[in-house]
Amino acid sequence: MPSLYDLTLAQLETLLDSWQEPAYRARQVWHWLYQRLVTSFDEMTDLPLRLRARLKEHFALGRLTPIAEQHSADGWTRKWLFQLPDGSQIETVLMEYDGERRTVCISSQAGCAMACSFCATGQMGFVRNLRSGEIVEQVLWAARALGDERLSNVVYMGMGEPFANYASVMESIHRLTTPASEGGLGLGARKITVSTVGLVPGIRRFAEEGGQVNLAISLHAATDELRTKLVPINARYPLHELVRAAREYIERTNRRLSFEWALIEHVNDTLEQAQALVELVRQTNPRPGVNLVHVNLIPLNPTDGYSGRAPQVARRQAFVNVLKRAGIPCTLRVRRGIDIAAGCGQLRARHKKNG
Ligand code: SAH
C-alpha cells in the first residue's frame with residue numbers, strides 16, 4: 001500500500017479532487033500530516049468520517065517501525081534503527097546542541113553502494129533506495145520526539161548516497177520546505193544540508209536545482225591514490241573533476257560549500273595531506289582572496305570492518321593549524337554519540353552482531 005507521505009501536495013490535490021472532495025481538503029490533510037504530526041487517520045478530526053475511511057483504505061501512514069533506540073549518556077543524542085515494511089533497515093539520529101540547534105541526520109538509502117572503506121554503511125552494501133516519504137518520515141519522527149522543541153536542521157548524512165537516489169531526495173526536500181502557510185513543515189532550505197560522496201553529475205544537477213539547500217562533499221583525501229582507497233568512487237570521478245564541479249557549483253550558486261574529512265591516524269592526518277588539501281581548496285575557490293569553502297574535520301568513528309583509528313589530539317591540532325595558517329575556515333567537530341554507535345550505519349551493524 002502506498003503511503004500518504006509519498007505524495008506531493010499537488011498529487012494529493014488531484015487525488016482528492018477526483019474523489020469529489022472540496023479544494024481545501026488537501027491542505028487540511030497536509031496540515032495534519034506536517035504540522036500536527038499525527039500518526040493516524042483517526043486523529044484528523046475535522047475530516048468527514050467517510051473520507052478518513054477512504055484514505056485509510058488506500059494509504060498507509062507511518063512505515064517506520066523502531067527496532068532499536070538509544071540515548072547517549074549525556075542525553076543530547078538519540079538514535080533509532082527503523083525497520084521498513086519490506087524488512088530493510090535504516091538509521092536516524094537526532095542531535096541537540098546546548099538547547100540551541102536540533103539537527104536530525106537522515107538516511108536516503110537502506111545500505112549504500114559506494115563502499116567507502118571506513119564507513120559502516122559502506123561495509124554492509126546496498127539494499128535499496130528509499131522513497132521520498134520514507135525520507136520525510138524520519139524527519140517527522142524526530143520532530144515528534146522533540147515535543148515542544150522545534151527541529152532546526154536536517155542533514156542528509158545518515159545511510160546512503162543522496163545523489164544516487166537523486167529524485168526521491170529532491171522530492172523529500174521539496175516536501176520538507178513546503179511553507180507552513182500551505183500546511184507544510186516549513187523548514188528553511190538553508191537549514192538543510194545534503195552530503196555527497198562526490199558524484200559529479202549529481203553536484204552539477206544540484207547546482208541548478210538545489211536552491212538554498214547546503215552542499216557538503218565528503219573529500220577525506222586530497223590525492224587520488226589515497227582517496228581511491230578510502231572512497232572507491234574516486235576512480236570514476238577523480239579529484240580534478242570533483243574540484244571542477246565544486247568550483248562550478250560555487251560560481252553558479254554563490255553559496256559556500258563544505259568539505260568533509262574524517263581524520264584517520266597516519267592515513268589522511270599527515271601534513272602532506274593537509275598541504276594537498278590547502279591546494280585543493282585554493283583550486284575550488286573561484287577567486288583568490290574569497291573563501292567559500294569550509295572544511296569540517298571529524299575524528300574517525302571506529303567501525304568493525306576497518307582498522308584505522310582517530311588521531312591523537314596533537315596530530316588533529318597540527319592538521320588544523322596547516323589549514324588555519326592558509327586562512328581556510330575549518331571546524332574540528334567533536335564526535336557525537338560515540339557511546340551509542342551513532343556513526344553512519346553503526347547501530348545496524350551492532351544490532352546485527354548482537355543477534
Ligand atoms: N553518502 C554521503 C552521506 C554519508 S554519511 C556522503 O558520502 O557524504 C555522512 C558523512 O559521514 C560522510 O562524510 C561520511 O564519509 C562520514 N563517515 C562515514 N563513516 C564514518 C566514520 N566511521 N567516521 C567518521 N565519519 C564517517
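A nonpolar core is a set of buried Ala, Val, Leu, Ile, Met, Phe, Trp, Tyr and Cys residues joined through side-chain atoms within 4.5 Å. With that in hand, here are four close-up views of this predicted model.

**View 1. The largest nonpolar core has 106 residues.** Look for Leu 4, Leu 55, Phe 118, Val 154, Tyr 156 and Leu 277, which touch the most other members of this core. Helix H9, spanning residues 239-253, is the top contributor, with 7 residues. Both domain 1 (4-58) and domain 2 (65-354) supply at least three residues each to the core. As background, nonpolar side chains in soluble globular proteins tend to be buried together.

**View 2. A shell of 18 residues surrounds the ligand.** Those that come nearest are Gly 160, Ser 195, Ser 218, His 220 and Asn 301. Sorted by class, the shell holds 8 nonpolar, 8 polar and 2 charged residues.

**View 3. Oxygen atoms of the ligand meet Ser 195, Thr 196 and His 220.** In the side chain of Ser 195, an N or O atom is 2.6 Å from an oxygen atom of the ligand. For Thr 196, a backbone N or O atom lies 3.5 Å from a ligand oxygen. The side chain of His 220 also has an N or O atom 2.6 Å from an oxygen atom of the ligand.

**View 4. The protein buries 92% of the area that the ligand exposes when taken alone.** That exposed area is 530 Å². Strand E8 (192-196) and strand E10 (257-263) are the elements that give two or more residues to the shell around the ligand.

Notes: Residues numbered from 1 in each chain as written. Predicted model: local features only at pLDDT ≥ 70, side-chain atom pairs only at ≥ 80, totals over all residues. Heavy atoms only, no water. Near = heavy atom within 4 Å. Polar contact = N/O pair within 3.5 Å; in protein donor to acceptor, adjacent residues only side chain to side chain. Areas by Shrake-Rupley, 256 points an atom, 1.4 Å probe, with all protein chains shown as cover. Helix = DSSP H or I, 4+ residues; strand = E, 2+ residues; numbered from the N terminus. Nonpolar A, V, L, I, M, F, W, Y, C, P; charged D, E, K, R; others polar. Buried < 20%, exposed > 50% of the residue type's maximum accessible area, 1.4 Å probe, protein only. Domains from an automatic or database assignment.
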